[in-house]
Number of protein chains: 4
Amino acid sequence: MTGVLRPGHTQLRVLNLEESVKFYTEIFGLVETGRDVSGRVYFKCHDERDHNSFIIREADTAGMDFYGFKVLNAATLDKLETDLNEYGVPTERIPAGELLETGERVRFTAPTGHVFELYYDKTEVGDGLGYVNPEVIIQNRKGISPIRLDHWQIHGADLDGSRDLFIDVLGFSLVEKIVSTDGKLDLAVWLTCSTKAHDIAFVRDERNNTLHHMSFLLETWDHVLKAADLMSANRVPIDLGPVRHGITRGTTIYAFDPSGNRFETFCGGYSFYPDMKPYTWTEDEMGAAVFYHTRELNERFLTVVT
Amino acid sequence: MTGVLRPGHTQLRVLNLEESVKFYTEIFGLVETGRDVSGRVYFKCHDERDHNSFIIREADTAGMDFYGFKVLNAATLDKLETDLNEYGVPTERIPAGELLETGERVRFTAPTGHVFELYYDKTEVGDGLGYVNPEVIIQNRKGISPIRLDHWQIHGADLDGSRDLFIDVLGFSLVEKIVSTDGKLDLAVWLTCSTKAHDIAFVRDERNNTLHHMSFLLETWDHVLKAADLMSANRVPIDLGPVRHGITRGTTIYAFDPSGNRFETFCGGYSFYPDMKPYTWTEDEMGAAVFYHTRELNERFLTVVT
Amino acid sequence: MTGVLRPGHTQLRVLNLEESVKFYTEIFGLVETGRDVSGRVYFKCHDERDHNSFIIREADTAGMDFYGFKVLNAATLDKLETDLNEYGVPTERIPAGELLETGERVRFTAPTGHVFELYYDKTEVGDGLGYVNPEVIIQNRKGISPIRLDHWQIHGADLDGSRDLFIDVLGFSLVEKIVSTDGKLDLAVWLTCSTKAHDIAFVRDERNNTLHHMSFLLETWDHVLKAADLMSANRVPIDLGPVRHGITRGTTIYAFDPSGNRFETFCGGYSFYPDMKPYTWTEDEMGAAVFYHTRELNERFLTVVT
Amino acid sequence: MTGVLRPGHTQLRVLNLEESVKFYTEIFGLVETGRDVSGRVYFKCHDERDHNSFIIREADTAGMDFYGFKVLNAATLDKLETDLNEYGVPTERIPAGELLETGERVRFTAPTGHVFELYYDKTEVGDGLGYVNPEVIIQNRKGISPIRLDHWQIHGADLDGSRDLFIDVLGFSLVEKIVSTDGKLDLAVWLTCSTKAHDIAFVRDERNNTLHHMSFLLETWDHVLKAADLMSANRVPIDLGPVRHGITRGTTIYAFDPSGNRFETFCGGYSFYPDMKPYTWTEDEMGAAVFYHTRELNERFLTVVT
């Protein structure tokens, strides 16, 4: 309850811009909302109201440039920046307008090497249904068409550092964790700043500043099936799923974009409230924690990051 | 973000206790968790973790005795009591233990005549799955088996007073409203203290301190169908549904318990964040606001309260 | 098992052709497949393989011109024509090509006044997925997009005559019926020529040769919801639903096309096998038979036919 | 249309009878309907009307004893026996009562080594809902609770022989097939005697008289998820799924019973009509044919039979 609202935007590196634009609009089903002078392309989900939540830029390597959280207001932004600085984390102010239709951002690097941003201002463009007597469905959505950018799973060595930073400074809550066999190490943690079961997950991994997956929300288990069908019909390589998670109870499918970035489209999971005790998974049950049905991890899921 | 978590418990008057216990366990699918010396019977939903969320007592008239919100902790409880008093609302402390397994409660009456309670302490009994390597489903659930007590719609004359109290003192946000044809009056407001589309709704109605419905959450639209099927098979009188709401976008069914108390079992709806503009419905579109498919209200829905 | 396969085509009268074409393609989600010299417009469902299943023509009154069943082959067509004639039913041969891409049809009038057709030949155009290594989903379907023309409910005085004709000559089976309070009259019968719970239903009604509704199949209960949402968003007047039927166990929604013709879009229902005993509904339970949830019929459903 | 209705009963060998009874009632969700003097235990699905569809007996090896199809009536049984004999297939009459509540059976061995049975008489016990004003749902179903025994996939060397026997003598239709790279061999065929996409599948495999899986029908994709959840919660080893088939378009999950017999619980798939052209899959697309999402077969699915 420190004023961090949700994952708000994220910037992904892709190997071929136009192929990716085609993928993210026609198959993944996002709405292109703009391009900037540096060549970046901006998207939002059909049902998101802010101008953009997902930005891609062409690069030689895949991966995520930065991870942005929207916060409540200017005062919250200032307060969190001060708190970060007092905690020993240097911050940088990115001027308004550097991202299209987006206000000033406070940027910092977490101990796991990832670049995070906080911002409070982004132009509201709406979902097209209006605010007076709205319809309840957006017609003519294309492709997989997720509801919103939902969370990320990211990897780095100093999981403890990033975990503590998010809990102690940004006010996140620990919801679930996987602990090592000796009980001494958190191998992975799921953290929330809301009533979602997770807004971000950190996994202990020597490969700093890496992305395991970015995740987008679907409406129902039927949409998970439709997503899987669309992936196969369009030869999008599926990593695993449809399947249920033990962690969060969500139902999901993982696949790769044309640049090899893993994404998740999922739905469901319980609601978190701060009076909940966190769940603990032991290392030997990691399979069930991630893929509840088969209770087994696959090698690709464990090893591929960008 | 003032520390009110969610609707936590509520006490309903029923005309025949044992008939109601049978209804709420075998058909509605709650778990009986205790009875107290005054004869009250306590229930929780299968997936709730606190000892009780729903209490019934036998009485000559149907209706709701009180509406309880769980708050974050003792400090929050004290702060909110002070805030209420400063706002001019008298409060009463109900001692711990007056409700089974429940700590001290701060009670006050809202301008619409309803009795509310705030509390922070209730014994956690869990959902039976444990906190280490849990399963993701609770087996052998019976009947409709909702997930949780979710919200209430309640009626009274001074809607403005209750609305302002909840927004200004308890920190709720306005999510949707229906306004009168001349635009001068709020006829109904939907308020949230979380990211749910509503934790409570007030409707302007001369009949103070009345209950339109209490609402319980289901998992999916398939569960809404199953709920409707079970209602018919058990001759539970359905008011309306299955249907989609315009307001909140939820999908729902309304019916009556053996005492004539209306309940809702629903699922879905968007997530609220404080950067959302509220939706406004005009009086002439009230039908679509409530029952999006037929765009018409029925007389019974408009007139029956307890 | 006499070789009548299924409802194959039907020709509807509409009051405004272009408005109806727009409705049936953009909102209802059929594929226009042709127009003939008389101005008729032909459609198929996305997932149907024959050239057409639904034909509209402009006229001064709404209603159905004829009801066509596809049969197995030429020999079956000849045999059934002979059987009809021997039963005392005159038949007429409509030459191949009178309907686009459709072979010779055998036409007759049933005792309830409805014009039926049998045919075996219609050009296969496929569903676009091919017959070698097909994909499993058709992408970019629009609107409600049902799977197939499924059945009709039609009204007339001599229900007994039409019922016996379909059972004794065309080899249909009785699956369900509603009987009058005195048990002497069938008020409605559901008949099948396949393993569907119904391919046609007759209702006793003085208004001969009338259509209660034509019915199209959806895939799931989620699609029933989507259909209802699309109807409301496009101001298609809904008669009733989403709801479960007692009869057949299907889940459904009824609405009206721009000309006032009632249509049903539904899914589900049990499979019929000839070793099943038929179900009987008594007149006093007719409400539950049709609308299982509310167990009540509405006046409009009982009275409006075209 | 030769009068073979559907897979009606099947007898499975299990390694431990009581463990299997517990599995098939409490987890799989069948209803035990009787035991005979030889120790066999009989089951039906909740929604089946005949006395039994699934019989188990204790043995040293897993696998299927026989595969039974229900036919229309005594005349059909006699006719099919004659046709089999004329085709060169010897038959044996098993007397009525040898299986509980089951009439005389005609038994023969197919070229792939499997023992088949035809019968027309089995005591109807109903689904408990009655035939007058029935409810539409069976309450208090337990476990996975499939709707019916649906089909089998069985392996043997002389696929051509069994395929031709089923098509030429028993009147089945070819719906889908996988052909070898050179196009000369059917590697697998899916055959139907109804409007189901398959009532039986044969796969070319040197291991004669083996069972790949028996399959039971679920109602919806949500039930497939629930089945998968129940399997994991009860440590039923899952082979693969939830997943979509390319062949038949069904959605499914495969798992193993305590004796290592593979079963499938699935839903969906298109309806077959005899005017449909069969689908052909080429050997290189066998992955997508079976598991449409990942487009890959797993080794266990390819090799394990009982």
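Biologist: In this predicted model, is D:Ser145 buried or exposed?

Modeller: D:Ser145 sits in the loop between β8 (115–119) and β9 (148–156) of chain D. Its relative accessibility is 3%. Buried means under 20% relative accessible area, so D:Ser145 counts as buried.

Biologist: What is the phi of D:Ser145?

Modeller: Most residues other than glycine have a negative phi. D:Ser145 is not a glycine, yet its phi is positive, at about 50°.

Biologist: Where is D:Asn209 found, and what is its relative accessible area?

Modeller: D:Asn209 has a positive phi near 55° and is a residue other than glycine. It is found in the loop between β12 (200–204) and β13 (210–217) of chain D. D:Asn209 is partly exposed, and its relative accessible area is 35%.

Biologist: Which strands stand at the edges of the open sheet of 9 strands in chain D?

Modeller: The order of this sheet is β14-β15-β16-β13-β9-β12-β11-β10-β17, with mixed pairing. The twist from one strand to the next averages 15°. An edge strand has a single partner, so one side is left without a neighbour in the sheet; in chain D these strands are β14 and β17 (279–282).

Biologist: Which residue of β15(D) stands opposite D:Val243?

Modeller: Strand β14(D) and strand β15 (residues 251–256) of chain D run antiparallel and are joined by 4 bridges. Opposite D:Val243 in β15(D) stands D:Thr252.

Biologist: Which residue does a cis peptide bond join to D:Gly241?

Modeller: Most peptide bonds are trans. The bond in question has an omega of about 0°. The partner lies in strand β14 of chain D, and the residue joined to D:Gly241 is D:Pro242.

Biologist: In which strand of chain A does A:Pro242 lie?

Modeller: The peptide bond from A:Gly241 to A:Pro242 is cis, with omega near 0°. A:Pro242 lies in chain A, in strand β14.

Biologist: How many residues line the second largest pocket?

Modeller: This pocket has a volume of about 800 Å³. β14 (238–244) of chain A, with α4 (221–233) and β14 (238–244) of chain D, each supply at least two residues of the lining. The lining divides into 17 nonpolar, 9 polar and 10 charged residues. Among those nearest the centre are A:Leu240 and D:Asp239, and the number of lining residues is 36.

Biologist: Is D:Lys226 in helix α4 of chain D buried, partly exposed or exposed?

Modeller: The C-alpha atoms of D:Lys226 and D:Pro7 are separated by 25 Å, with the two residues 219 apart along the chain. The relative accessible area of D:Lys226 is 43%, so this residue is partly exposed.

Biologist: Which strands of chain C stand at the edges of its open sheet of 8 strands?

Modeller: The strand order is β2-β3-β4-β1-β5-β8-β7-β6, with mixed pairing. The twist averages 25° from one strand to the next. Each edge strand has a single partner strand, and these are β2 (31–35) and β6 (92–94) of chain C.

Biologist: Which residue in β4(C) stands opposite C:Arg13?

Modeller: Strand β1 (residues 4–14) and strand β4 (residues 54–58) of chain C pair in the parallel sense over 5 bridges. The residue opposite C:Arg13 is C:Arg57.

Biologist: How many disulfides does the structure hold over all chains?

Modeller: For A:Cys45, the nearest cysteine sulfur is that of A:Cys267, 15 Å away. For A:Cys267, the nearest is that of B:Cys267, 11 Å away. A disulfide needs two cysteine sulfur atoms within 2.5 Å, so neither A:Cys45 nor A:Cys267 is in one. Over all chains, the number of disulfides is 0.

Definitions and conventions. Residues are numbered from 1 along each chain as its sequence is written. Chains are lettered from A and ligands numbered from 1 in the order in which they are written. This is a predicted model: local features need pLDDT of at least 70, side-chain atom pairs count only at pLDDT 80 or more; totals for chains, interfaces and linings use all residues. Side-chain values use heavy atoms; hydrogens and water are left out. On a 1 Å grid over the protein atoms alone, a cavity is a set of points where a 1.4 Å probe fits but cannot get out, and a pocket is an open set with protein on both sides within 12 Å along at least five of seven lines; lining residues have an atom within 4 Å of a point. Grid points are joined across faces, edges and corners, and a volume is the space filled by probe spheres set on the points. Ala, Val, Leu, Ile, Met, Phe, Trp, Tyr, Cys and Pro count as nonpolar, Asp, Glu, Lys and Arg as charged, and the others, Gly among them, as polar. Two strands pair if DSSP finds at least two bridges between them. Axes are lines fitted to C-alpha atoms, for helices over the stretch in contact, and angles run from 0 to 180 degrees between N-to-C directions. Buried means under 20% relative accessible area, exposed over 50%, partly exposed in between (1.4 Å probe, protein chains only).
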